[in-house]
Amino acid sequence: MTNKQVEVDILGQPYRLVCSPEDEAMLLKSAVLVDQKMRELSERSIRGADRLAVMAALAVASELLKLQQSVHHGEAFPVAEIQRTMQHMNQQIDDAIKQSANNSEFI
């Protein structure tokens, strides 16, 4: 699969980025989040694009770490873990049904 160029706008500055087609939607959402954080910080009188970028990166990293911590403490569950648990439960139900059907044949 080939990569494609995607143009995003962050704080009025266009950026041309390269990503795979399957990552494009996430990249666009990420750019919107970074733009929002940088605009929010610029309204607080933080000046300088470099400083804004660092502060925005720290804010996003902090949110990520809080989410990871909540997952670690069992307050939130990753989708993959929920899917594995549901598959395991479905398998247990299927096994119980098969066992019940096998047992009823001998009665």
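## A quick tour of the hairpin, salt bridges and helices

Strands β1 and β2 make a hairpin with two residues between them, and leucine 11, sitting in the turn, has a positive phi of about 55 degrees. Keep in mind that this is a predicted model. Beyond the hairpin, there are five salt bridges in the structure, and a few of them are worth a look, along with one alanine in helix α3.

**The hairpin**

- The two strands run antiparallel: β1 covers residues 4-10 and β2 covers residues 13-19.
- How many bridges join β1 to β2? Seven bridges do the job.
- If you want one pair to find in the viewer, try glutamine 5, which stands opposite valine 18 in β2.

**A salt bridge from strand to helix**

- Lysine 4 and glutamate 24 meet through their side chains in a salt bridge, at 2.8 Å from N to O.
- This pair ties together distant parts of the chain, with lysine 4 in strand β1 and glutamate 24 in helix α1 (residues 24-42), 20 residues apart.
- Lysine 4 has a relative accessibility of 34%, so it counts as partly exposed, a class that lies between the 20% and 50% cut-offs.

**A salt bridge inside helix α1**

- Arginine 39 pairs up with aspartate 35 in another salt bridge, and their closest N and O atoms are 3.0 Å apart.
- Both residues belong to helix α1, and because they are four residues apart there, about one helical turn separates them.
- Is aspartate 35 buried or exposed? Aspartate 35 is buried, because its relative accessible area of 14% falls under 20%.
- Its partner arginine 39 is partly exposed, with a relative accessible area of 36%.

**Glutamate 40 and arginine 44**

- The side chains of glutamate 40 and arginine 44 also come together in a salt bridge, with 3.1 Å between N and O.
- Arginine 44 has a relative accessible area of 55%, which is over 50%, so this residue counts as exposed.
- Glutamate 40, at 34% relative accessible area, is partly exposed.

**Alanine 80 in helix α3**

- Helix α3 spans residues 79-105, and alanine 80 lies in it.
- With 40% relative accessibility, alanine 80 counts as partly exposed.
- How far is alanine 80 from alanine 59, C-alpha to C-alpha? The two C-alpha atoms are separated by 26 Å, and the residues are 21 apart along the chain.

Note on methods: Residues are numbered from 1 along each chain as its sequence is written. This is a predicted model: local features need pLDDT of at least 70, side-chain atom pairs count only at pLDDT 80 or more; totals for chains, interfaces and linings use all residues. Side-chain values use heavy atoms; hydrogens and water are left out. Two strands pair if DSSP finds at least two bridges between them. Buried means under 20% relative accessible area, exposed over 50%, partly exposed in between (1.4 Å probe, protein chains only). A salt bridge is a side-chain nitrogen of Lys or Arg within 4 Å of a carboxyl oxygen of Asp or Glu.
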